[in-house]
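Please read the following account with the sequence and the coordinates open side by side, moving from the surface inward and back again.

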Amino acid sequence: MTRIAVLLYGRASSRITVLMLSSLLLAAASTSTLAAGKVSEILDNNGFQTLLFALDTTGLTSVINENRVTLFAPTDDVFDETAQALGCTDALDLATRLLNIDVNGTDALTAVLTYHVYLGKLKDTESILSAGTLPTANGESITAGVGKGGLYVKGVANASPSFITTDGIKARKSSYVYAIDSILLPIDPTGVCAS
């Protein structure tokens, strides 16, 4: 780009042109760096308020903001549909019930949320697929594959895979957020919403 500018503006103004182009390039670079916010900001601005609320409730928001993670994120609609399918009144009711269930010394909500977190960078669908089995922050693994609906990840207690519905949204610290169409389950949710 500098060479083209020198040819266009001549030698006399080449130093000024180079300085101006350098300033423009630095401004563009800093703008794109600022565009990538914290993971929590990505969630808040892209239809993941229920997930963000659950992360805040369990104290996990700072963990995902301060580490390089890949987050498989169910949308608000997914939480609502899951709550209804399980017989809960809404997503808040489901989250409250999960908070009151113990799974290996932690609450079930924390166990479910950390099951959506891979501690590392998966910057594109190829890296997800090539990984095959992904260890999650809760100590269990999810599997990745390709099915009729596209690229998916699947939890051990899921009857069907969770399809990835968006490209990764880049956040700070080279973290990525991928929307998925169902909640990843490390535990059987049967009876969670029973009175």
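On the surface of this predicted model, a patch of positive charge is made up of Arg68, Lys121, Lys123, Lys170 and Lys173. One of these residues, lysine 173, is found in the loop that runs between β9 (169–171) and β10 (175–180), and with a relative accessible area of 47% it is partly exposed. That value fits its place in the patch, because membership asks for over 30% relative accessible area and no salt bridge. The backbone at lysine 173 also deserves attention, since its phi is positive, at about 65°, although the residue is not a glycine. The loop in question is the turn of a hairpin, which β9 and β10 form with three residues between them.

The two strands of that hairpin run antiparallel and are joined by three bridges. Across the pairing, lysine 170, another of the residues gathered in the positive patch, stands opposite tyrosine 176 in β10. The hairpin itself is part of an open sheet of four strands, ordered β4-β1-β10-β9, in which the pairing is mixed. At the edges of this sheet stand β4 (117–118) and β9, each with a single partner strand, so that one side of each is left without a neighbour in the sheet.

Further into the sheet order, strand β1 (residues 70–74) runs parallel to β10, and five bridges join the two. Two of the partnerships can be followed residue by residue: leucine 71 has valine 177 as its bridge partner in β10, and alanine 73 has alanine 179. How enclosed is β10 by the rest of the structure? Six of its six residues are buried, so β10 is largely enclosed by the rest of the structure. Its side chains divide between two directions, with Ser175, Val177 and Ala179 pointing one way and Tyr176, Tyr178 and Ile180 the other way, and all of them are buried. Both of the β10 residues named as partners of β1, valine 177 and alanine 179, therefore belong to the group that includes Ser175, whereas tyrosine 176, which faces lysine 170 across the hairpin, belongs to the other group, and burial under 20% relative accessible area holds for both groups.

A second open sheet is also made of four strands, here in the order β5-β6-β7-β8, and its pairing is antiparallel. Its edges are occupied by β5 (133–135) and β8 (162–163), each of which has a single partner strand, so one side of each is left without a neighbour in the sheet. Within this sheet, strand β6 (residues 141–147) pairs with strand β7 (residues 150–154) in the antiparallel sense over five bridges, and one of the pairings places threonine 143 with lysine 154 of β7 as its bridge partner. In the loop between β7 and β8 lies glycine 155, which counts as buried at 3% relative accessibility. The C-alpha atom of glycine 155 is separated by 8.1 Å from that of tyrosine 115, although the two residues are 40 residues apart along the chain.

Charge of the opposite sign also gathers on the surface, in a patch of negative charge that consists of Asp77, Asp80, Glu81, Asp90 and Asp181. Of these, glutamate 81 lies in helix α6 (residues 76–86). A further helix, α7 (residues 91–99), holds both arginine 97 and aspartate 93, which are four residues apart, or about one turn of the helix. The side chains of these two residues meet in a salt bridge, with a distance of 3.0 Å from N to O, and the count of salt bridges in the model comes to one. The two partners differ in their exposure class, because arginine 97 is partly exposed with a relative accessible area of 25%, while aspartate 93 is buried with 17%.

A last point concerns the backbone once more. Asparagine 104 has a positive phi of about 50° although it is not a glycine, and it lies in the loop between β2 (102–103) and β3 (106–107). Is asparagine 104 buried or exposed? At 79% relative accessibility, asparagine 104 counts as exposed, whereas lysine 173, whose phi is also positive, is partly exposed at 47%.

Definitions and conventions:
Residues numbered from 1 in each chain as written. Predicted model: local features only at pLDDT ≥ 70, side-chain atom pairs only at ≥ 80, totals over all residues. Heavy atoms only, no water. Patch = residues over 30% accessible without salt bridge, like charges linked within 9 Å, V, L, I, M, F, W, Y side chains within 5 Å. Areas by Shrake-Rupley, 256 points an atom, 1.4 Å probe, with all protein chains shown as cover. Salt bridge = Lys/Arg side-chain N within 4 Å of Asp/Glu carboxyl O. Lys, Arg positive; Asp, Glu negative; His and termini not counted. Charge placed at Lys NZ, Arg CZ, Asp CG, Glu CD. Buried < 20%, exposed > 50% of the residue type's maximum accessible area, 1.4 Å probe, protein only. Pairing = 2+ DSSP bridges.
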